[in-house]
Amino acid sequence: MADTAPERVKLGVSEISKTFRVRNAPGDPATLLPVLRDINFDIYENEVVSLIGESGCGKTTLLRIIQGLIRHDAGTISVDGKEVNSPGRDRGFVFQQPSLLPWRTARENVEFGLELHGMAAEERAARARKLLALVGLEHSAEQFPHQLSGGMQQRIGLARALAIDPAILLMDEPFSALDAQTREVLQKELLRIQAQTRKTILFVTHDLDEAIYLSHRIIVLGAKPGRVKEIITVPFPSERPELPLMRGDPAFQAIRGRIWELIRNTPASN
Ligand SMILES: Nc1ncnc2c1ncn2[C@@H]1O[C@H](COP(=O)(O)OP(=O)(O)OP(=O)(O)O)[C@@H](O)[C@H]1O
């Protein structure tokens, strides 16, 4: 991660609002569910930013809007200064479940997006091998998903997202389904991979420690409807020790306390 303040805006989120129409039962009148209101923030080149907030505050909805899968009611999303309204290869996505194609090897899964974009077979195989090496799976390229652990599958999901060389990586709780040990290993790996690739990352998590450990800044969302409560700058250098060591740092505990306080005190405002 960059130690100096990054400057170029990669992702712009401006005045985003979203209301869903919901029905409790078939035939019931639709009611309006305001989910996001006036969301504003910028993410800079080479920055890792976490989005945190209580369950149901609209984190996934916001990520899907940025991805172009859900249409927002108001506001704009821009990548590298250009407004975007539909999915594009400038945004890569890593999900909670990697959803790999079971009949394809690790390498073929990584190649999938490149195939869709018409890259020649030899070139995409070379790119996939390079990315599998980056995520520490160079020796598993020809194995199938069922032969790999959950952590290894998630590494493939990350390599697949990086394959299209997106401007922004959107990660939706990518480590939450993993056991605690694997999760800590992958968090450290993500820091290493981000330092190598210098990717800009927006990372959704429920885990306060994970958010602090991985991020330059943390956006805390309030709920009902989701809105930005505070954006917290994380004051640690890029080279970070292991998370268990950082937990003892008073600065770490102070940020943790502040986020917790913000999440706990979320009165409904609509
Ligand atoms: N397609 C939809 N139609 C109607 N309501 C929806 C839809 N998608 C999400 N919602 C509602 O919007 C709100 C926000 O959901 P969202 O999944 O974005 O929250 P979240 O913060 O990601 O939650 P979690 O942390 O539990 O994953 C919830 O009340 C949810 O029920």
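In the predicted model, contacts between residues 24 or more positions apart make up 72% of the contacts in the protein chain that have a separation of 6 or more. The protein chain contains eight helices and 10 strands. Of its 270 residues, 37% are buried.

The overall dimensions were examined next. Along the principal axes, the C-alpha atoms of the protein chain fill a box of roughly 55 × 50 × 35 Å. The radius of gyration of the protein chain is 19 Å, which agrees with a compact globule, because a globule of 270 residues would have a value near 18 Å.

Strand β6, formed by residues 91-94, is covered on both faces. Arg91 and Phe93 lie on one side of β6, Gly92 and Val94 lie on the other, and all four are buried. Strand β6 runs parallel to strand β7 (residues 168-172), to which it is joined by four bridges. Within this pairing, Phe93 has Leu170 of β7 as its bridge partner.

The surroundings of the ligand comprise 13 residues, of which Phe20, Ser55, Lys59, Thr60 and Thr61 come nearest. Two or more residues of this shell are given by each of β1 (9-22), β2 (31-44) and α1 (59-67). The greatest share comes from α1, which gives three residues to the shell around the ligand. Classified by side chain, the shell consists of seven polar residues, five nonpolar residues and one charged residue.

Note on methods: Residues are numbered from 1 along each chain as its sequence is written. This is a predicted model: local features need pLDDT of at least 70, side-chain atom pairs count only at pLDDT 80 or more; totals for chains, interfaces and linings use all residues. A residue is near a molecule or strand if its C-beta atom, placed from the backbone, lies within 6 Å of it. Ala, Val, Leu, Ile, Met, Phe, Trp, Tyr, Cys and Pro count as nonpolar, Asp, Glu, Lys and Arg as charged, and the others, Gly among them, as polar. The radius of gyration is taken over C-alpha atoms; the globule rule is 2.2 Å times the number of residues to the power 0.38. A residue is buried if 20 or more other C-beta atoms lie within 10 Å of its own, exposed if 12 or fewer, and partly exposed in between; C-beta atoms are placed from the backbone. Two residues are in contact if their C-beta atoms, placed from the backbone, lie within 7 Å. Two strands pair if DSSP finds at least two bridges between them.
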